[in-house]
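Me: Please take a close look at one part of this model, the interface between its chains, and set out what each side brings to it.

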Amino acid sequence: MSKENVVLRVKRQDGPQSPARWEEFSVPRHAGANVLSVLMQVRENPVTASGQKTTPPAWDAACLEEVCGSCSMLVNGRARQACTALIETYSPNGEPITLEPFSKFPLVRDLVVDRSRMFESLKKVRAWIPIDGTYDLGPGPRMSQKTAEERYVMSTCMTCGCCLEVCPQVNTHSPFIGAAAISQARLFNAHPTGQLNESERLHALMEPGGVADCGKAGNCVQACPKEIPLTTSIAEMNREVTWKAVKDFFVRDSDDHEKKDAS
Amino acid sequence: MSEERYAVVGGGLAGLMAVIKLAESGKNVDVFSIVPVKRSHSVCAQGGINGAVNTKGEGDSPDIHMYDTLRGGDFLAEQPPVRGMCHAAPGIIYLLDRMGVPFSRTSEGLLDFRRFGGTLFNRTAFAGATTGQQLLYALDEQVRRYEAEGRVRKFEYWEYLGFIQDDEGACRGVVAMDLKTMEIQSFPAEAVCMATGGPGIVFGRSTNSIINTGAAASSCYQQGAWYGNPEMIQIHPTAIPGEDKLRLMSESLRGEGGRVWVPSDGRAGLPPKGQPWYFLEERYPKYKNLVPRDVGSREIFDVVRNMGLGVDGQDAVYLDLTHLSAEVHKKVEGVLDIYEKFMGQDPRKVPMKIYPAMHYSMGGLWVDYEANARHDILPDSPRQQATNIPGLYAAGEVDYQYHGSNRLGANSLISCIYAGRVVGPAMIAYAKSRPEKRAAAALPSTVAEGATARWRERFEQIRAMSGAENPYRLGRELGDLMSERCLIVKENSKLEDGLKKLDVISDRWKSCNVLDTGRTMNQAASFVNALWGMIELGKAIMKGSLLRDESRGAHFKPAFALPKPKTHKPTDDPEWMAKWKERNDKWLRTTLAKHTPSGPEISFEPIRSLAVEKPILAPEPRYYE
């Protein structure tokens, strides 16, 4: 092992139907480098460590400061953003670093996967405030700084997919919606206006693949790069969904009652 | 359901707001974005959004916001749109509040506001230290609502290539490429809005996301759209230098009390050796660390390069928050976390090392406006945000309007959302004005097919490029050249030489190697195409810089700068005022770049809203005490 170079082992696959292969790259090591800056070096000279010409690996990235959620991948098996994976941390003595695409999403190419199911899930839980229009209708409801802060943390979710990647309940045989969307339901239910449509979101979470499918492994909260209290969100939504189911059972048109209460 | 279909290119704040306005009016919208819209560059905005809500008893008002904005940009912006924006700003902030943005609150539960550069008022609403992310998510959620209703179609991982142009020169839709399959298609539309952000990657490393190549704007420019004020590039005073990116350290750090300093070397007039020298506070006792960005950047450059006082001899000064309370640190946590993650030091305990970085383009696609005699923006005019190409609109950082020669902090988010709000109705008004030309129905299929065929051919040619140049390395060279010649200090001899070097880079582009001939997510082929656009845009920026022989806002040419006035206030020095007026008479004009195959053709056009008998605001010397 040398500290002069960074060695990346990249799992390559030209497309979903193509066979996977491993390629190793070795490029000069710079101070402060991260996995993406090294991938940038690789594409400036796409040659493997053994001198073989190859195509530049495909990877997703945009902001490079862990706020857009694009560059999620497995770095030495850990689900995270590649931009903040510092070479100094992963390879203090020149150890090779392994890069693989997320395994729980359809592969597009190399390190790029299709995470559109996460955006579809946001539709399912109706993760928005149904405003009346974009006209000047005055300020929104007053809110305590405490509520604003609690909502802010949940609202920093960048749909990066780490929580789904590490979840044992998320796999090709399961419809489990995953922690991100459940926490978004909580985010909107915690808003005074969003609360008016609370039951729509709770009903969505009662469906197959909803909150009851959580196996309580707790991996999501540890993997979340934004330290969102995902297990707290799941527990709270679980409770709410249970209450909702009880209410639905005993009170006919419980939604209508809620609407009247709110108006 | 209406059959009209509109196209919006780009899914940041401006694009999504345009989509919302169109969808809200019952129109169908296609939105194209090279990344899922939720990952657009707007997420990187940290500090906040300006609006003179005046909740702090300071006597702030939209007119003062307008004054700060126009003066901050040294009067290069057209005035009525700026006035429209500042007056709409409080309403826009309330709208975002209603959408559920988790803005910071006061003890009474109202929106909290902080202070930003170039103003003396607390005018900036914020959501933690990731305001841009929070605003983008709010608009993304509203768009998703329309998407679920079937009103909006999202084309994510699709790259804009060019617009469909009919025989009369009008824009009739877009040609775009699916980045996953490399398939190229045409999408007819009643009108098209470009909302593709800035050109940071033309400068190689900047505070911009790596998707901000400016290639889409460049493509419009190459198809005949005018590009305004290309040389007006903002340098943000405080960023962390990095190999891959210069990461922004928000102005809010100074708004919350952060201080900029270097250790003194003990020379005459400075504190004793080793003591902190707070040079911004000393040089600008009123605005202190919150001078406008161009001023701050130049002062840091001066202290480091001219005085040789950079920290440890490096290109760096300290931005110090160590004296602030844990509560204040929490308010800017998101920014401090970025510093800690990339630098491995806790900025709560150790002063940050920062340096100026390319940040924002005030210039962009030229857009029109229409106002009445009282300077009110006419909400239903098809001319708002319209480029010179009929049917082609622009909104957000990609347009040249609103910021003049220098943008104030926290004005970008408001300008994006305001322009998006204006452009939607303008596009509808345009389509309404020409019912006989309804895009989908009336567009001869040969026109759209021709546009598709041209782009398919172009990509076949790119896929066959097998020369010796690595496009990414060539892109890095372009960035180094642009950063060296067109940022903080500009010199004509270097700009002339830079233009020649750009011609060489253009030639070398032709010997690029595509590196990858595949048809699945071929990022290299896409980049080779974008790189050509970056070079063409680079030429407009370089030539605009060369020909504007003055200093104004972010554009700084020491050889042509006005001397220092003899009095404290420049307005008290008649000799200086005469020089200032002479300069304005010659240069207070919009730079217009028109593309030709042999390079940009530059002219300096009068600012229309200043050419009237009584402008909203007469230009005055821009100085900060």
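Reply: What follows describes the interface of chain A and chain B, and then turns to the domains of chain B.

This is a predicted model, in which local features need pLDDT of at least 70 and side-chain atom pairs count only at pLDDT 80 or more, whereas totals for chains, interfaces and linings use all residues. Residues are numbered from 1 along each chain as its sequence is written, chains are lettered from A and ligands numbered from 1 in the order in which they are written, and side-chain values use heavy atoms, with hydrogens and water left out.

With contact taken as heavy atoms within 4.5 Å, 71 residues of chain A and 63 residues of chain B take part. The area buried between chain A and chain B (the accessible area, with a 1.4 Å probe, that two parts lose on being put together, summed over both) is about 5900 Å², and carbon and sulfur atoms give 52% of it. Of the area that chain A buries against chain B, 13% is supplied by Glu44(A), Glu65(A) and Thr134(A), more than by any other three residues.

Eight salt bridges are counted between chain A and chain B, a salt bridge being a side-chain nitrogen of Lys or Arg within 4 Å of a carboxyl oxygen of Asp or Glu. Lys123(A) and Glu147(B) meet in a salt bridge, at 3.4 Å from N to O.

On the side of chain A that touches chain B, the elements giving two or more residues are α1 (35-43), β6 (107-109), α3 (116-124), α4 (145-155) and α6 (179-189) of chain A; helices (H or I, at least four residues) and strands (E, at least two) are here DSSP runs, numbered from the N terminus. The largest share of that side, six residues, comes from α4(A).

Within chain B, an automatic or database domain assignment gives domain 1 (5-234 + 360-445) and domain 2 (236-357), and 31 Å separate the centres of these two domains of chain B, taken over C-alpha atoms. Their contact takes 25 residues from domain 1 of chain B and 28 residues from domain 2 of chain B. Between them the two domains of chain B bury about 2100 Å², 54% of it on carbon and sulfur atoms, and Gln46(B), Arg205(B) and Thr207(B) supply 28% of the area that domain 1 buries against domain 2, more than any other three residues. One salt bridge is found across the interface of these domains of chain B.
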